[in-house]
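User: I would like to go through some features of this model step by step. Please reason through each answer before giving the value or name.

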Amino acid sequence: MSLGTFLIMRHELLLITAALLVLIAELFWNPEKKKGISHFSLILFGVITIIGFLPSPEGSIFGGMYVSSGTRLLMKNILNIGTLIVFIQSIGWLKKEENVEKVSEYFLLLISTLVGMNFMISAGHFLIFYIGIELAIIPIAALAAYDRYKNKSAEAGIKLILSSALSSGILLYGISMIYGTTGTLYFNEVAALFGNTNLQILGFIFFFAGMAFKISIVPFHLWTADVYEGSPVNITSYLSVISKGASVFILMIILFTVFPVIIATWQKTIFVVSVLTMTIGNLFAIRQQNLKRFLAFSSISQAGYILLGMIGGNQLGMASIIYYILVYVFSNLGAFGVVAAISNAKGKENIDDYNGLYHTNPKLSLVMTLALFSLAGIPPVAGFFGKFFLFTAAAQKGFYLLVFIAVLNTIISLYYYLLVVKAMFISKSDTPIESFKSDISTRIALGICIAGIVLTGFASIIFEVIRNLSFGV
Amino acid sequence: MINFSYTIWILILPFFMFLLLGLAGHKLFKAKLSGLLGTGGLGIITILSYITAYRYFFVTGKIEGAFQKITAVNITWLQFTDKLHIDMGVLLDPISVMMLVVITTVSLMVHIYSLGYMKGEKGFERFFSFLSLFSFSMLGLVLATNIFQMYIFWELVGVSSFLLIGFYYQKPSAVRASKKAFIVTRFADLGFLIGILILSFNTKTFDFITLTNPTGTAILQGTGIGFLGLSIMTWSMIFVFMGGVGKSAMFPFHIWLPDAMEGPTPVSALIHAATMVVAGVYLVARMFPIYAISAPVALHVVAYVGAFSSLFAAIIACTQTDIKRVLAYSTMSQIGMMMCALGVASYGGEEGLGYMASMFHLFTHAMFKALLFLGAGAIIHAVHSNYMTDMGGLRKYLPITHITFLIACLTIAGIPPFSAFFSKDEILTAAFHSNKILFGVEYAVAGLTAFYMFRLYFNIFWGKDTQYHHTPHEAPATMTIPLILLAIASLFTGFIPFNKLVTSDSKVLESGLEMMIAIPSVLIGLLGIGIAYVMYRKETSIPDRLATTFKYGYKWAYNKFYIDELYLFVTKKIIFRYIAQPVAWFDRHIVDGTMNAIATVTQVISFRIRGFQSGQLQKYAFVFITGVIMLAIFFIYLWK
């Protein structure tokens with residue numbers, strides 16, 4: 001094995017290097033000018049994101065423990081883009097007095113979690129997968145508690161770490177059952193040896209529950225709202241978009257490649273949990289006043305829709321999920337970006353506070369509207385095409401009832417998304433949020449989100465590329 | 001074979017102009033500069049179109065004596081499945097290239113004219129950005145390679161028309177008119193969409209070349225299966241035609257066109273006279289092989305709707321006093337003639353004369369009707385009124401407008417050697433050879449046309465000497481130059497050999513003037529002019545006496561046969577009361593009631609399940625574990 005074969009792990013190697021460079025920079029940077037670290041890290045990560053798109057060798061190393069393929073590279077690149085947007089959005093927030101000290105910490109931890117996600121996506125073996133998943137979640141718990149002097153933030157951190165410990169335990173238990181019945185942890189070998197015995201199905205369900213926790217699928221979602229609300233907005237957006245996206249990707253890969261034998265079982269499982277997730281996510285979202293909690297529940301119901309792409313086990317399904325996540329990255333980060341900008345500038349996070357926002361901050365309102373339209377799936381923005389493809393994928397395999405329920409839920413979701421739009425455009429307020437100018441990095445990030453929302457909808461080439469890289473069971 | 005792929009710029013450029021002027025116009029440029037930019041951009045497109053037309057018609061388009069359909073550009077836009085995909089592209093064939101010339105020429109004239117007409121108006125950049133949007137949509141419509149693309153641009157045209165009619169959005173009447181135009185055409189477009197869906201479901205394709213190939217298989221799909229006595233193909237084509245009826249303001253969807261005159265006059269010239277309103281004719285021409293070969297009944301519908309509309313509108317036009325409305329009804333009448341000509345044609349050879357005549361008339365009509373509207377604009381600009389009762393004796397003050405307007409009136413009256421003489425003659429010939437009743441109608445319309453146009457002319461430029469508050473003065477050069485250019489076009493476009501260029505089967509069609517038709521048609525034109533001369537040359541009491549004699553007929557026609565009132569009656573008194581109100585009741589009590597019930601249940605449930613979201617981690621863990629166990633029990637014991 002020559003050193004060159006390590007280049008297959010290019011994404012991970014680059015990210016680890018970046019993390020180390022940030023660490024070194026922290027040690028030697030002039031303490032008076034700590035702000036510079038954030039720009040340094042941002043540029044570093046921007047370069048990595050671009051390098052990620054260069055053609056890369058495919059194949060597997062370490063005896064199949066680590067696999068790289070076009071699909072997986074595409075997923076990693078999507079995560080990179082999302083993380084880049086989160087980074088750009090964070091710059092202004094990191095300049096605040098209380099955060100300047102912890103700038104390098106922020107980048108170091110986030111990049112580490114990204115390394116974990118990349119390993120998880122590229123896993124060809126349950127152990128690598130497990131290590132990746134732990135690496136992806138533990139640093140985020142630290143970040144959730146980033147505002148450590150705020151009780152809510154600390155609470156978010158501890159809740160995330162405890163509940164993820166529980167879910168990891170269950171997940172590991174499931175993996176151990178799989179190992180016990182097949183005698184191997186390599187994905188391809190498990191797939192070949194997997195049968196339909198009760199113990200194996202139990203193992204699968206434990207595994208699935210563990211993953212469902214990461215994607216916050218009902219009934220494993222309860223941590224979501226508290227953690228999202230308590231964490232700093234930028235971390236919340238990272239959690240809701242990047243973490244969730246990565247987990248969806250790997251769950252889909254594992255379902256399609258490791259468990260095709262019990263497709264009937266996991267289709268039923270997904271059916272049940274996706275109906276629950278969409279419905280309950282929506283029911284709770286309607287009641288929320290705090291925008292972060294609101295977006296938390298909206299992202300729960302979004303996860304329910306995403307499952308529709310998985311259920312068929314078809315190529316179109318995989319393509320539609322990857323496409324949807326891409327769109328979701330732009331839309332959700334757009335929405336969170338506006339919430340973050342307002343929260344950082346004015347400290348207001350409630351829907352009522354947004355009354356009359358259009359008259360004071362028309363641009364932010366328009367961005368928010370577009371992002372919410374995309375989340376709700378209103379044509380012609382990208383979210384519509386995303387949902388359309390998801391539903392088509394499920395309908396192609398005959399899950400008409402599920403599609404029908406999903407459409408009903410879309411209508412319900414339209415109601416609460418439009419509530420926010422109504423607040424901004426129609427409702428009057430005596431004390432509206434004053435007009436303010438957001439900093440340049442926020443504006444750049446929101447610009448990227450808007451461009452993404454519009455362009456991914458219209459440029460059919462994107463979906464074509466994704467479709468050609470996708471595969472079915 | 002010349003590569004035509006550059007034609008994509010004909011679409012990209014105006015769209016870019018729209019974005020530039022619309023988004024950044026008022027910030028980046030002064031008003032005048034944005035006008036010049038818009039006009040310049042359109043100038044480039046016009047040149048490109050002329051080059052395309054020259055190369056298509058005279059260099060490469062023809063293979064073995066017939067013009068080919070060339071797909072210059074094609075991009076797959078949405079790929080749903082392997083077979084079902086929606087494309088965007090540029091299709092060149094005789095009619096689309098002809099329309100390119102028409103649209104860009106008129107649009108360029110209107111752009112130049114608007115530089116003068118709209119000078120100093122608030123929203124000057126907005127006006128030019130909307131004009132660019134319209135040009136983009138209209139060009140996209142005619143260049144569409146498939147019916148779905150056409151539909152998309154069709155709607156875009158509707159939107160830009162809506163925006164331009166409502167340009168003076170402070171005026172309630174303009175807002176009402178724009179809404180009316182949008183809703184009426186949108187309603188008709190519903191039929192178009194249904195037609196498209198039936199058609200493509202039947203033929204499994206959207207593509208025009210496949211659809212309209214006269215020897216292909218698609219054209220024969222669904223001709224046998226019947227529904228209510230007509231084949232499926234016929235039904236779909238009737239529905240498609242419904243879209244055309246709406247856009248082209250044919251009876252009974254014509255009610256929006258007179259109101260649309262609330263928009264700025266250059267807009268009326270461009271959209272509501274020369275380009276958008278002929279989209280319906282273009283649509284039928286585009287699908288003509290299907291109409292002619294597999295849905296002749298639908299083609300009859302086209303003929304009769306067209307003929308009826310032309311007569312109907314001509315009668316109303318004789319009684320109106322708002323000069324723009326007269327022109328609006330005249331447009332409707334002329335388009336009716338085009339429709340009728342299409343309707344009496346059949347595919348290929350001698351029988352295809354009506355098709356050629358219709359396209360010919362479309363072309364000449366675009367020129368002289370744009371001229372009439374722009375002239376009317378110059379007049380309104382000078383006297384600040386739309387009503388011919390406020391005018392009279394204007395020939396002294398507006399010499400250039402007077403001459404060009406006279407040329408246009410002579411043209412529309414069908415006097416040789418002006419262009420409409422030739423095209424109208426072809427229409428009458430085609431009608432004569434296929435259906436004597438329709439011929440009679442069109443012949444009468446020709447006489448009425450000459451009458452009402454000269455009624456307008458004499459009332460404005462001769463008649464009584466009106467005292468004006470301030471002396472009317474001739475329009476600036478930016479406005480008169482387009483008038484002169486269009487007048488020249490009206491003079492000479494009649495000599496274009498359309499029978500060699502645009503025919504139903506793209507082959508040369510031998511046709512010439514038939515004296516038997518030409519002489520009577522000129523005579524009735526002269527008769528119309530003569531009557532108008534007697535009645536309106538000087539102020540006389542003849543018109544009033546006539547109006548009192550035929551009191552009811554006059555009043556009926558003056559009020560446009562009460563079609564608007566009929567619609568109001570049907571919508572307000574019948575649909576609102578007997579359909580909408582019960583539906584509203586159902587909606588309020590049953591639907592809302594159900595929804596409220598669901599909402600209440602939701603509230604109760606979410607109140608009950610609030611406990612789950614208690615914030616206590618141990619409870620979360622409890623739910624988590626319960627969930628796992630439930631799933632396990634479920635899938636291992638109950639539902640395996």
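User: Which residue just after helix 15 of chain A takes a positive phi?

Analyst: The model is predicted. Helix 15 of chain A covers residues 362–376. Just after this helix, a positive phi of about 85° is found at Gly377(A).

User: How many of the 15 residues of helix 15 of chain A are buried?

Analyst: A residue is buried if 20 or more other C-beta atoms lie within 10 Å of its own. The buried residues of helix 15 of chain A include Leu364(A), Met368(A), Phe373(A) and Ala376(A). They pack against several helices of chain A, among them helix 13 (315–346) and helix 17 (400–425). The helix is mostly covered, and its number of buried residues is 12.

User: Is Ile462(A) buried, partly exposed or exposed?

Analyst: Ile462(A) belongs to helix 19 of chain A, residues 460–469. Burial requires 20 or more other C-beta atoms within 10 Å, and exposure 12 or fewer. Because Ile462(A) has 19 such atoms within 10 Å, this residue is partly exposed.

User: Which element of chain B gives the most to the side of chain B that touches chain A?

Analyst: In the contact between the chains, 22 residues of chain B meet 26 residues of chain A. Strand 3 (70–79), helix 24 (563–608) and helix 25 (617–638) of chain B each give two or more residues to the side that touches chain A. That side of chain B divides into 15 nonpolar, 7 polar and no charged residues. With 11 residues, the element that gives the most is helix 25 of chain B.

How values were computed:
Residues numbered from 1 in each chain as written. Chains lettered and ligands numbered in written order. Predicted model: local features only at pLDDT ≥ 70, side-chain atom pairs only at ≥ 80, totals over all residues. Helix = DSSP H or I, 4+ residues; strand = E, 2+ residues; numbered from the N terminus. Expected span 1.5 Å × (residues − 1). Contact = placed C-beta atoms within 7 Å. Nonpolar A, V, L, I, M, F, W, Y, C, P; charged D, E, K, R; others polar.
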